[in-house]
Amino acid sequence: NPVTIINFSISEPGSTKLEVIDINGRLVYIIINQFLNKGSYSVSFDASGMAGGVYYYRLTSNNYTKTNKMVLIK
């Protein structure tokens, strides 16, 4: 199943970006690029058009950045 749910929280309102990066550090997809209010969010990401492999998703909001690994198996 190439669809996954990414859950995250924003501690203060601000410009937020959630992006997918390949193993070589290249930007593959931007899931969110907008202003978000403080709170918890769940985003559905469909990777059916992507090749199998290791990817990272990076959340950036205000001065906070977090990167997590995900594996797409086809």
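Is Phe8 buried or exposed? In this predicted model, Phe8 counts as buried, because its relative accessibility is 9% and the cut-off for burial is under 20%. That residue offers a convenient way into the structure, and the paragraphs below begin with the overall fold before returning to the rings and the core.

The secondary structure of the protein chain consists of six strands and zero helices. Read from the N terminus, the order of elements is β-β-β-β-β-β. The C-alpha trace spans about 35 × 25 × 15 Å along its principal axes. The radius of gyration of the protein chain is 12 Å, which agrees with the value near 11 Å that a compact globule of 74 residues would have. Of these 74 residues, 31% count as buried. The protein chain exposes about 4900 Å², and carbon and sulfur atoms supply 48% of that area. Contacts also reach far along the sequence: among those between residues at least 6 apart, 57% join residues at least 24 apart.

We can now turn to the interior. In soluble globular proteins, nonpolar side chains tend to be buried together. Here the largest nonpolar core holds 17 residues, and the members that touch the most others are Phe8, Leu18, Ile31 and Phe45. Two or more residues of this core come from each of strand 1 (3–10), strand 2 (14–22), strand 3 (27–36), strand 4 (39–46), strand 5 (53–61) and strand 6 (64–72). Phe45 illustrates how such a core member is surrounded. Leaving aside residues up to four places away in sequence, Phe45 touches Pro2, Val3, Thr4, Ile6, Val20, Tyr29, Ile31, Met50 and Met70. One of the residues on that list, Ile31, is also among the four core members with the most contacts to other members.

The aromatic rings add further detail. A pair of aromatic rings is described by the distance of the centres and the angle of the planes. The count comes to two aromatic pairs. Phe8 and Tyr41 make a stacked pair, with 5.5 Å from centre to centre and 20 degrees between the planes. Because Phe8 belongs to strand 1 and Tyr41 to strand 4, this pair ties together parts that lie 33 residues apart in sequence. Its two members differ in accessibility: Phe8 is buried at 9%, whereas Tyr41 is partly exposed, with a relative accessible area of 25%. Tyr29 and Phe45 make a tilted pair, with 5.4 Å between the centres and 50 degrees between the planes. This pair also links distant parts of the chain, as Tyr29 lies in strand 3 and Phe45 in strand 4, 16 residues apart. Tyr29 is partly exposed at 45% relative accessibility, while Phe45 is buried with a relative accessible area of 3%.

The hairpin of strand 5 and strand 6 deserves a closer look. These two strands run antiparallel and are joined by nine bridges. One partnership in the ladder pairs Tyr55 with Met70 of strand 6; Met70 is also among the residues that Phe45 touches. Two residues lie between the strands of this hairpin, and Asn62 has its place in that loop. Most residues other than glycine have a negative phi. Asn62 departs from this pattern, with a positive phi of about 55 degrees although it is not a glycine. With a relative accessible area of 36%, Asn62 is partly exposed.

Methods. Residues are numbered from 1 along each chain as its sequence is written. This is a predicted model: local features need pLDDT of at least 70, side-chain atom pairs count only at pLDDT 80 or more; totals for chains, interfaces and linings use all residues. Side-chain values use heavy atoms; hydrogens and water are left out. A nonpolar core is a set of buried Ala, Val, Leu, Ile, Met, Phe, Trp, Tyr and Cys residues joined through side-chain atoms within 4.5 Å. Buried means under 20% relative accessible area, exposed over 50%, partly exposed in between (1.4 Å probe, protein chains only). Helices (H or I, at least four residues) and strands (E, at least two) are DSSP runs, numbered from the N terminus. Contact means heavy atoms within 4.5 Å. Rings of Phe, Tyr and Trp (its six-membered ring) pair if their centres lie within 6.5 Å; planes under 30 degrees apart count as stacked, over 60 as edge-to-face and the rest as tilted. The radius of gyration is taken over C-alpha atoms; the globule rule is 2.2 Å times the number of residues to the power 0.38. Accessible areas come from the Shrake-Rupley method with a 1.4 Å probe; for residues, only the protein chains shown count as cover. Two strands pair if DSSP finds at least two bridges between them.
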